[in-house]
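User: I'm new to this structure and would love a close look at one part of it. Could you walk me through a single helix, and then what lies around it?

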Amino acid sequence: MSIQVIKTLGDGRRYMKTWPMVRQLSFYFPEYRVIRATQLAVTLMPVLALLAATSQVYINGWGFLPQAITIALFFLSLPVQGLLWLGWRARHPLPLSLLDWCVQLTTKLSSMGVIHSPLGPRACYLDMALLLKAAFERLDDTYWEEI
C-alpha cells in the first residue's frame, strides 16, 4: 500500500471525527450521510464479512473458499472506501463561494470574541470542518435557522 493511501485514510478518519454531526448541515453537504454510513460500515461490515464467508463455505463446501474470501474482502473494503472519500474530501480545496461564507462565519465568530485563525486562499474542507465545529459550539440556534 502506498504511503499516500495510508495518509488519505488517516485524513479521512480525522475529518470524520472533526466534522460536526448536525442535521442542518446535511442539507448542504454530503459529509453527514457519508460519515454516518462509514461509521456504520466500520462496526457492521467485519461481522457481515465473516458471516458471508462462513455461510458460503458451509453451504457450498471448501471448494468455494476463493469466492468466500472474495465476498469477505468486498465487505471489508466498504468502510475503507468511505474513509478514502472522506480523506480526499478533507484535502480538497474549497470553492470560492464556500470560502466567502467561511470568511463571513469567521468574522461573526470574531465579533463574538471567539478567536479562530482566518482561512487563507488554500483552505480545504478540513479547515472548514474545524471552523464549523467551533461555530456550532459557540453560536446559538437562531443563526443556523437563518441559513
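Which residues are buried in α4?

Analyst: Happy to help! Please keep in mind that this is a predicted model. The buried residues of α4 are Leu-98, Leu-99, Cys-102, Leu-105, Thr-106 and Leu-109. Because they cover an arc of only 120° around the axis, these residues sit on the same side of α4. A general point about helices helps here: an α-helix has 3.6 residues a turn, so residues three or four places apart point the same way.

What about the other side? The face of α4 turned away from its buried side carries Leu-96, Ser-97 and Ser-111, which are exposed.

Now for the helix as a whole. Helix α4 runs over residues 96-111, a total of 16 residues. From its first C-alpha to its last, α4 reaches 23 Å, close to the 22 Å expected at 1.5 Å a residue. After α4 comes Gly-113, which has a positive phi, near 95°.

One of the buried residues of α4, Cys-102, deserves a second look. Its relative accessible area is 0%. You might ask how many disulfides the structure holds. The count is zero. For Cys-102, the nearest cysteine sulfur belongs to Cys-124 and is 10 Å away. A pair of cysteine sulfur atoms must lie within 2.5 Å to count as a disulfide. Cys-124 is in no disulfide either, and at 7% relative accessibility Cys-124 also counts as buried.

From Cys-124 we can step along to helix α5, which covers residues 125-138 and includes Leu-126. Leu-126 is buried, with a relative accessible area of 2%. Its C-alpha atom is separated by 4.7 Å from that of Ala-90, although the two residues are 36 apart along the chain. Leaving aside neighbours within four places in sequence, Leu-126 is in contact with Arg-14, Tyr-15, Thr-18, Ala-90 and Arg-91.

Tyr-15 leads us to one last residue, Glu-31, since Tyr-15 is also among the contacts of Glu-31. Glu-31 is found in helix α2, residues 31-60, and is buried, with a relative accessible area of 0%. What does its side chain make a polar contact with? The partner is the side chain of Arg-89, at 2.6 Å. Beyond neighbours within four places in sequence, Glu-31 is also in contact with Trp-19, Trp-85, Leu-86 and Tyr-125, among others. Tyr-125 brings us back to helix α5, which spans residues 125-138.

Methods
Residues are numbered from 1 along each chain as its sequence is written. This is a predicted model: local features need pLDDT of at least 70, side-chain atom pairs count only at pLDDT 80 or more; totals for chains, interfaces and linings use all residues. Side-chain values use heavy atoms; hydrogens and water are left out. Helices (H or I, at least four residues) and strands (E, at least two) are DSSP runs, numbered from the N terminus. Buried means under 20% relative accessible area, exposed over 50%, partly exposed in between (1.4 Å probe, protein chains only). A polar contact is a pair of N or O atoms within 3.5 Å; within protein, one must be able to donate a hydrogen and the other to accept it, and residues adjacent in sequence count only if both atoms are side-chain atoms. Contact means heavy atoms within 4.5 Å. The expected span of a helix is 1.5 Å times one less than its number of residues. The arc is that of the directions from the helix axis to the C-beta atoms.
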